[in-house]
Amino acid sequence: MDPRLCELCREIDLYTLGVPLGGGINKCAKIHRTRAQLSDDCPLCCLFLNPSGRPESPEAPRQQVKSVNIEVDRLLDDPTDVPVRFRYILSSALQSVKSTIGVAGYYPPISRIRAGVRDDRFDFDVPWPLDVFVGQDSPEEAKRYVGGRVVPAADSDASLEQVSGWLKECLAKHSRCQMGISGRMFGDDPTIQLLPNRVVHVGGGGLADQPRLLLTKGMRSRYVALSYCWEHQESGHYPFRLERGNLAALQEQVPLAELPASIRDAIDFTQRLGIPYLWVDRLCIVQDDKDDWADHADRMCDIYEGASLTIAALAAETRDEGLYLPRPLRSSVRVKFTTRHGEVGPVHIASPFDPGPAAINEGSGGGSVREEELGMSRWSTRGWVMQERLMSRRIVYFGRTQIFWECQEMTRKQDGIQDDVGIGGKLGLYEELRFEPLRIRLHTILPWVIPTPEPVFWRKTVRDYTNRNLTYGTDKGAAIAGVAGAVKLRLDMPNYAHGIFLERVDQMLLWYGKLDLTSPQTPRAPSWSWMAHDGRIHMLKPGLARSWLRQFGECAFLDRKTAQSLGAVLKPPPTEDFDPVALRISGARIAPMKWHAEVPARAQLVEKWLHDAFLAYDYTFVSRSAPRMALPKLISKAKYDGSGWSTVTMGATDQICGIIKLDPSSSHGPPESNISCLIVAEETVSGSWWRRGQGADRKTAYHLLALQQVLPSPPGAKLPTYQRVGVAQTVWAGSLGFPVHNEATLGDILIV
């Protein structure tokens, strides 16, 4: 027990607080402390006052704290003997039934308590988790009751044994982890799994068996893949990599001294795991061979799905940082922990958010939570890494504070502190992709009950991907091609180009920039693709309980030769790999319309239109349990932030009929310019879901693609050519707006 504890904290005994009150199920015990009872000289009181572990800020000084409630639950008198019992938990701070099941069908030992802090800002307790773990000064018996552990060094045998145990458990018990994101099955049988074209044979550690590049030629075996960040490159200087000139030499021996620490450590860890082969892009793709590079970019889904394990160098920031980073020690407070068998303490309490300076010297207690460490890493900001993570069936993350495990059925942390949140929401994305075909089938059967399904997985993937960085902008399509290939197989959507699936083109064309987008000087994709721009992209989605109706007919991708034969005006000239270049759409266009800049003179008029649209379109269900209907997405955003939005008017009148979000391009012309709008979708809601689209309470939002015609058209052009300049929206509710089909012209157009 820490000698610096105050009198009240010396009396705290986690076992006494957590003994079961009946039936083997503990009900939460609480300790209440007022501010006057909390000592600034006691390390445990200081932890209760600042459970985040971060430096005290002027906005939340300790003097504002009114009281602290410490809660302890989930402790069993004998945790190895009491079977699982399902219980209903009302508090969101407690762990779910899934986590409560724990290990081997029993309640797991205690690993976390909560400190509820109440201060002058809030009249309720703000819950903060605190980790509980055993150290080297804790007796062996304490491990039966306390689940938290001190984290060993990343290169230690203990860490290797832990990762190996997770892998063996997953291989033996997890049937869902046999299926990749594409829906294909992988048995992880060394006699069945096909190796990529090239792998690194990691060797056996002896001088006669050094790592070397292996041309597999149809060989079968298990292998590990590596996900990491390339080091920063000097202009005109490439780091050591596989090239046509050294292909033969690398088949003799891989020079470890020339490689960054992440690859060297991955070779070592793979060898110690007992898996003979490692796939690394730098050593397995001929980097100066354009055809070989393009071929492997298309095979990324096969490579990462087929790997029995992916190693992620999560914390490596530089060339000299790899998997085996020194662990930052964390501050902790020793408290008493006794049981009916006698004193088995002390155990340690620490903040999960701050590694901090050490108060114990035997290692690290685990440091920051994994989501926070993932969010702070350079690894998670890279565009290529996103698809490597999504396509991997099992990943072991080498973090700065500990090692994390994630597969399709479980997440684990070295410190033993369990939770049920997948790293970066990956498990949630898997669930979205898994149930998307079911939503489509249900909507087909019950369209008046089940809302129009949206491509949730792809929408979230694009939003995440476009928030990441690429060293070369020309990799925009290649770095997500693997995920696109998996979605093609899983959802049976074979028609894909430039980030758009033709089977859901009505929803995928309606993208817009979250913040200001930028465009490269040399176009790398058509104007209708979000890949033509840099910046975070959002896709519009159908609202809850609305009818979403596509408003155009046939749609097809056209290659360069076909588009030019129809009279497409392709300017500026596309790059060499830019294909297909055009969309052919048969639909209804509204023209002419004008877009207007946001100027103070129009501010009052715009605000009135937004206000009227809000009142006319927004609708509250009669049932109190049903959610409130939101405005159409664009109108809602313009209503609340107003930045980056312009208005559109119809014909010669100055009456506002909708709003528009313009793309970063000069094609739309100056304010007051005429534009055309293609009607993409009609979204309808009525007052009752069983009367959708009927009666006087019908409310309709039109989703439009703003276009600008490309002139001059070549002689003999069969179809007019347009470029996308933005996305627009209007409403038709009561006296507001108008049925846009009354003003539309039908016909085929080309969008380039």
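Which backbone oxygen lies 3.2 Å from a polar atom of the side chain of Arg-550? That one belongs to Phe-552. Okay, hi everyone. Before I go on, please keep in mind that what you see above is a predicted model.

Let's stay with Arg-550 for a minute. You'll find Arg-550 in strand S22, which covers residues 547-550. Besides the Phe-552 oxygen, there's a second backbone oxygen to look at: that of Gly-553 lies 2.6 Å from a polar atom of the Arg-550 side chain. Is Arg-550 buried, exposed or partly exposed? Its relative accessible area comes out at 33%, so it goes down as partly exposed.

As for neighbours, leave aside residues up to four places away in sequence, and Arg-550 touches Leu-502, Val-505, Asp-506, Cys-555, Val-680 and Ala-681. Take Asp-506 from that list. Asp-506 and Arg-550 are 44 residues apart along the chain, and their C-alpha atoms are separated by 6.2 Å.

Right, on to the sheet. Find the open one with eight strands, in the order S7-S6-S9-S8-S10-S15-S16-S17. Its pairing is mixed. At the edges sit S7, residues 212-215, and S17, residues 411-413, and each of those pairs on one side only. From one strand to the next, the twist averages 30 degrees.

Since the pairing is mixed, let me show you both senses. For parallel, look at S8, residues 223-227, and S9, residues 277-279, which pair over three bridges. If you want a spot to zoom in on there, Ala-225 has Trp-279 in S9 as its bridge partner.

For antiparallel, go to S15, residues 394-398, and S16: five bridges join them. Arg-394 is matched with Cys-407 of S16 as its bridge partner, and a hairpin of four residues takes you from S15 to S16. Then S16 carries on to S17, again antiparallel, with three bridges. Here Glu-406 has Thr-411 in S17 as its bridge partner, and the hairpin joining S16 to S17 goes through three residues.

Now, S16 itself. How many of the five residues of S16 are buried? Five of five, across residues 403-407. Remember that in a regular strand the side chains alternate between the two faces of the sheet. In S16, Ile-403, Trp-405 and Cys-407 are on one side, Phe-404 and Glu-406 are on the other, and both faces are covered. And yes, that buried list does include Glu-406.

Cys-407 brings me to cysteines. Cys-407 has a relative accessible area of 1%, so we call it buried. Why is there no bond from Cys-407 to Cys-177? Cys-177 has the closest cysteine sulfur, but at 3.7 Å that is too far for a bond. The cut-off for a disulfide here is sulfur atoms within 2.5 Å. By that rule, the count is zero disulfides. Cys-6 is in no disulfide either, with the nearest cysteine sulfur, that of Cys-9, 3.5 Å away. Cys-6 also counts as buried, at 16% relative accessibility.

Last topic: aromatics. Searching the whole structure gives 11 aromatic pairs. I'll walk you through two of them.

Start with Tyr-324 and Phe-398. Their ring centres are 6.5 Å apart and the planes sit at 65 degrees, so this pair is edge-to-face. Tyr-324 comes from the loop between S10, residues 309-312, and S11, residues 333-335, while Phe-398 is in S15, so the pair ties together parts that are 74 residues apart in sequence. Phe-398 is buried, with 1% relative accessible area.

Next, Trp-379 and Tyr-397. The centres of these rings are 5.7 Å apart with the planes at 90 degrees, so this pair is edge-to-face as well. Trp-379 is in the loop between helix H11, residues 370-376, and helix H12, residues 383-391, and Tyr-397 is in S15, 18 residues apart. Both of these residues, Trp-379 and Tyr-397, are buried.

Which residues do ring pairs link into a cluster with Tyr-324 and Phe-398? It's Phe-269, and together they make a cluster of Phe-269, Tyr-324 and Phe-398.

If you open the model afterwards, try starting at Arg-550 and the backbone oxygens of Phe-552 and Gly-553. Then hop over to S16 and see how both of its faces are covered. Thanks, that's it from me.

How values were computed: Residues are numbered from 1 along each chain as its sequence is written. This is a predicted model: local features need pLDDT of at least 70, side-chain atom pairs count only at pLDDT 80 or more; totals for chains, interfaces and linings use all residues. Side-chain values use heavy atoms; hydrogens and water are left out. Helices (H or I, at least four residues) and strands (E, at least two) are DSSP runs, numbered from the N terminus. Buried means under 20% relative accessible area, exposed over 50%, partly exposed in between (1.4 Å probe, protein chains only). Contact means heavy atoms within 4.5 Å. A polar contact is a pair of N or O atoms within 3.5 Å; within protein, one must be able to donate a hydrogen and the other to accept it, and residues adjacent in sequence count only if both atoms are side-chain atoms. Two strands pair if DSSP finds at least two bridges between them. Axes are lines fitted to C-alpha atoms, for helices over the stretch in contact, and angles run from 0 to 180 degrees between N-to-C directions. Rings of Phe, Tyr and Trp (its six-membered ring) pair if their centres lie within 6.5 Å; planes under 30 degrees apart count as stacked, over 60 as edge-to-face and the rest as tilted.
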